[in-house]
Amino acid sequence: MTNGLFMQNPVELSHFAIGGYNIGVKQQRSKELGAFIMNKNMSIVGVPMDLGADRRGVDMGPSAIRYAGVVARLEKMGFHIEDRGDIFVTRPHHFTETENHKYLDEVVEANEKLADVVSDIMTAGRFPLVLGGDHSIALGTIAGVAKHVKNLGVIWFDAHGDLNTGETSPSGNIHGMPLAASLGFGHQRLTNIGGFAPKLKPENVVIIGARDLDQGERDLIKRIGMKVFTMHEIDKLGMARVMDEAIAHVSKNTDGVHLSLDLDGLDPHDAPGVGTPVIGGISYREGHVSLEMLADADILCSAEFVEVNPILDRENMTARVAVALMSSVFGDKLL
Ligand SMILES: [Mn+2]
C-alpha cells in the first residue's frame, strides 16, 4: 500500500440495508473511501485498444462514449471532470502471437502506461473512470488501483469469465484473460503489470452476468472457489437479491471496490455494439437497478466501462447506454 488515505479508522457498518433488503452482514470499510467519490473529483482516461480482442472497432469505444456526452452528463451531476485524453496504443504492422497471446507486447505496453496514469489519478485524490477499449485494459486499471488499495474488491459485470490463460484460451485473445491475470494466473508479463502480483484475492471478487464460460474458466472458478452470479442466479433470485449478496461479498474484507463493466454483460438487444455478444443477458433495467444499488452502497474507488464497439452498434446506442449506466453508478436518481 502506498497511500495512507485508505485503511484509517475503519467504520463498522452493521445491518447494512439497501433496496429493501436487510443483509445483516457486518461490514468493514474505510471511512475515507466514501469521501473519495463524494469529493466529486473524477478523472477520465480512454484506452483505444482492440488488440486484446483481435477485432477492429472496439478501439473507437472511448470516442463513442465521449460523443454520447459522458463529460456533460457527469458535470451536470456535480462532478469536477478532468479528461486526461487517451493512452497511446501502438498500431502493429503485422500480426504477432506469443505463446497463444495475440499482440502480447502491445497489450503489455499500453497497460503499463495505463497503470501509471490510473495510479497518478489516485495519488491526486481523484476517482479514475477508464473508458475502453477491449477488456484487456482491466489489467492496467486494476494494477494502478491496487497500488493504492491494499485489499481491493472487484465487481466484474460480463457475459464471460475473462478467466482464461494462454494454456486454456481457445482464441489467444488477451481480453479473455484479464481477471485471471489480475488474480495471478497466466503469463508472467500479464500477471506482473505494474511490477507486482497478484492484485486480487479470489474471495474479494464477484462476476455478475456470466453465461458463456470456457471449460478452463469453469475449472479455475471451482479450484479457487470464486463467487459467480451467472444468468441462472439472476433469473432465479432477481437482480436486487444478487446485488445485495454481491455487495456484501466484495465489501466484507476490502478497503475499496473496483467496478469493471463489460457492456456485453447486458443483453445484445439493449447493447448491440459489443465485440462478442451473447443472447440472454442482463436487461437495461436490471443494469440500472444493480448500479443504483452499488451507488447506494458507496464502496467504489474506481470504475471502467469496456467493449463498446461503434462499428457493430446502432446509432451509438451502446455508448449511450454506457453513459446512462455511469449516471446510475455515480448517484443519479430518478426522483
Ligand atoms: Mn469481458
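Two residues count as in contact here if their C-beta atoms, placed from the backbone, lie within 7 Å. With that in mind, 75% of the chain's contacts between residues at least 6 apart in sequence join residues at least 24 apart. The legends below walk through a predicted model.

**Figure 1. The whole chain, with 12 helices and 14 strands****.** Welcome to the overview of this predicted model. The chain has 335 residues, and 55% of them count as buried. Its secondary structure comes to 12 helices and 14 strands, and the views that follow pick out a few of these elements.

**Figure 2. An open sheet of 8 strands****.** Following the sheet across, you meet the strands in the order β6-β5-β9-β14-β13-β10-β11-β12. The pairing is parallel, and the sheet is open. At its edges are β6 and β12 (227-230), each of which pairs on one side only. From one strand to the next, the twist averages 15°.

**Figure 3. Strand β5 between its partners β6 and β9****.** Strand β5 covers residues 41-47, and 6 of its 7 residues are buried, so the strand is mostly covered. On one side, β5 is joined to strand β6 (residues 80-86) by 5 bridges, and the two run parallel. To find your place in this pairing, look for Gly46, which stands opposite Asp86 in β6. The pairing of β5 with strand β9 (residues 127-132) is also in the parallel sense, over 6 bridges. Here a good landmark is Val47, whose bridge partner in β9 is Gly132.

**Figure 4. A cis peptide bond from Gly132 to Gly133****.** Stay with Gly132, the bridge partner of Val47, and look at the bond that follows. The peptide bond from Gly132 to Gly133 is cis, with omega near 10°. Gly133 itself lies in the loop between β9 and α5 (138-146).

**Figure 5. Strand β13, enclosed by the rest of the structure****.** Why is strand β13 (residues 256-262) described as largely enclosed? The reason is that 7 of its 7 residues are buried. In a regular strand the side chains alternate between the two faces of the sheet. In β13, Gly256, His258, Ser260 and Asp262 point one way, while Val257, Leu259 and Leu261 point the other way. Residues of both sets are buried.

**Figure 6. The neighbours of β13 and a right-handed crossover****.** Strand β10 (residues 152-157) is joined to β13 by 6 bridges, and the strands run parallel. Leu152 has Gly256 as its bridge partner in β13. With strand β14 (residues 300-306), β13 pairs in the parallel sense over 6 bridges, and Val257 stands opposite Leu300 of β14. The path from β13 to β14 goes through α11, and this β-α-β crossover is right-handed.

**Figure 7. Helix α11 packed with helix α12****.** The helix of that crossover, α11 (residues 284-297), packs with α12 (residues 317-329) at an angle of about 30°, with the axes 7 Å apart. Because angles under 35 degrees count as roughly parallel, α11 is roughly parallel to α12. From α11, the contact is made by Tyr284, Gly287, His288, Leu291, Glu292, Leu294 and Ala295. From α12, Val321, Leu325, Ser328 and Val329 take part. These contact residues divide into 7 nonpolar, 3 polar and 1 charged.

**Figure 8. Asp298 and Asp162, each with a positive phi****.** Asp298, in the loop between α11 and β14, has a positive phi of about 55° although it is not a glycine. Asp162 is not a glycine either, and its phi is positive at about 50°; its place is in the loop between β10 and α6 (178-182). Is each of these residues buried or partly exposed? Asp162 is buried, with 25 other C-beta atoms within 10 Å, whereas Asp298 is partly exposed, with 18.

**Figure 9. From β10 to β11, with a cis bond before Pro198****.** Strand β11 (residues 205-210) is joined to β10 by 4 bridges, and the two run parallel. Val154 has Val205 as its bridge partner in β11. A cis peptide bond joins Ala197 and Pro198, with omega about -10°. Pro198 belongs to the loop between α7 (188-191) and β11.

Notes: Residues are numbered from 1 along each chain as its sequence is written. This is a predicted model: local features need pLDDT of at least 70, side-chain atom pairs count only at pLDDT 80 or more; totals for chains, interfaces and linings use all residues. Axes are lines fitted to C-alpha atoms, for helices over the stretch in contact, and angles run from 0 to 180 degrees between N-to-C directions. Angles under 35 degrees count as roughly parallel, over 145 as roughly antiparallel, 65 to 115 as roughly perpendicular and the rest as oblique. Ala, Val, Leu, Ile, Met, Phe, Trp, Tyr, Cys and Pro count as nonpolar, Asp, Glu, Lys and Arg as charged, and the others, Gly among them, as polar. A residue is buried if 20 or more other C-beta atoms lie within 10 Å of its own, exposed if 12 or fewer, and partly exposed in between; C-beta atoms are placed from the backbone. Two strands pair if DSSP finds at least two bridges between them. A crossover is right-handed if, with the strands pointing away from the viewer, the path from the first strand over the helix to the second runs clockwise.
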